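Here are some notes to read beside the coordinates, set out as numbered points. They begin with the overall picture and then turn to pockets, single residues and strand pairing.

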Amino acid sequence: MKLKSFCLASLLLVSAWCANAIDTPKGKVALTLSGNISQHNQGNSFLLDDAILNQLPQKSIQTSSPWYNGIHTFSGPSLKDVLALAGSKGKQLKLKAINDYTIVIPSSDADLGPIIARTIDGKAFSVRDKGPLFLIYPFDSNKELQNRTYYSRSIWQLVSIKAE
């Protein structure tokens, strides 16, 4: 009886592990998550390439911003979905850009609807145009976001997020 229970428990444990296993990126890493996260696919980090980012639901935000004239459509996965995929448990997030610019935002910002934009008006961001990843908030649909605090949290050329 104990052997049966042990085998059943082992089978359930392996099944749970397989269900949570996330592939290591096959392509160029676009975003690295680290810190207080429960999912890892390389060492203590969770790496995302374009294929993994494409598997997440893609959201769009039509908004104006201080960086572009007029209203543009930004598309990509929501910050909330990316954090959920990595099993983020941090109360704040340290976001870093290609040029080492770093900003700390509360994790609760994910509930305000920002996305990690990969395209603007259907075209992929180039590094020269604030890409390839740009955290953008829905400024036009939430007037409370139209201030210096949230503009400064909209980091472009995003490469890593550390949950703390």
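1. A contact here means heavy atoms within 4.5 Å. On that basis, and bearing in mind that the model is predicted, residues 24 or more positions apart account for 58% of the contacts in the protein with a separation of 6 or more. The protein has 164 residues, of which buried residues make up 40%, and its secondary structure comprises four helices and 11 strands.

2. On confidence, the mean pLDDT of the protein is 89, with 87% of the residues reaching 70 or more. Residues 6-20 need separate care, since over this stretch the pLDDT is below 50, and the model gives the stretch one contact beyond near neighbours in sequence.

3. The largest pocket holds about 250 Å³ of space. Its lining consists of 13 residues, and those nearest the centre are Lys28, Ala30, Asp50, Pro132 and Leu133. Sorted by class, the lining of the largest pocket contains nine nonpolar residues, three charged residues and one polar residue.

4. The second largest pocket has a volume of about 180 Å³ and is lined by 12 residues, with Ile22, Asp23, Ala51, Ile52 and Gln55 lying nearest its centre. Helix α2, which spans residues 50-55, supplies the largest share of this lining, namely three residues. The class division for the second largest pocket is seven nonpolar, two polar and three charged.

5. Leucine 133, one of the residues nearest the centre of the largest pocket, sits in the loop between β9 (123-124) and β10 (134-136). Is leucine 133 buried or exposed? Leucine 133 has a relative accessible area of 2%, and because the limit for a buried residue is under 20%, leucine 133 counts as buried. Leaving aside residues up to four places away in sequence, leucine 133 touches Ala30, Leu31, Leu53, Ile116, Ala117, Arg118, Ile155, Trp156, Gln157 and Leu158. Of these partners, alanine 117 is 16 residues away in sequence, with a C-alpha to C-alpha distance of 5.6 Å from leucine 133.

6. Lysine 162 belongs to strand β11, which covers residues 158-163. Its relative accessibility is 38%, so lysine 162 is classed as partly exposed, a category that lies between the 20% and 50% limits. When residues up to four places away in sequence are not counted, lysine 162 touches Ser34, Gly35, Gln92, Leu93 and Lys94. Lysine 94 is 68 residues from lysine 162 along the chain, yet their C-alpha atoms are separated by 5.0 Å.

7. Which order do the strands take in the open sheet of four strands? The order is β3-β4-β8-β9, and the pairing is antiparallel. The edge strands are β3 (58-65) and β9, each of which pairs on one side only.

8. At the β9 edge, strand β8 (residues 119-120) pairs with β9 in the antiparallel sense over two bridges. Within this pairing, threonine 119 stands opposite alanine 124 in β9. As a general point, strands of a sheet pair through backbone hydrogen bonds, either parallel or antiparallel. The loop that holds leucine 133 lies between β9 and β10, which links this edge strand of the sheet to the discussion of the largest pocket, where Leu133 is listed among the residues nearest the centre.

Definitions and conventions:
Residues are numbered from 1 along each chain as its sequence is written. This is a predicted model: local features need pLDDT of at least 70, side-chain atom pairs count only at pLDDT 80 or more; totals for chains, interfaces and linings use all residues. Side-chain values use heavy atoms; hydrogens and water are left out. Buried means under 20% relative accessible area, exposed over 50%, partly exposed in between (1.4 Å probe, protein chains only). On a 1 Å grid over the protein atoms alone, a cavity is a set of points where a 1.4 Å probe fits but cannot get out, and a pocket is an open set with protein on both sides within 12 Å along at least five of seven lines; lining residues have an atom within 4 Å of a point. Grid points are joined across faces, edges and corners, and a volume is the space filled by probe spheres set on the points. Ala, Val, Leu, Ile, Met, Phe, Trp, Tyr, Cys and Pro count as nonpolar, Asp, Glu, Lys and Arg as charged, and the others, Gly among them, as polar. pLDDT is the predictor's confidence in each residue, from 0 to 100. Two strands pair if DSSP finds at least two bridges between them.
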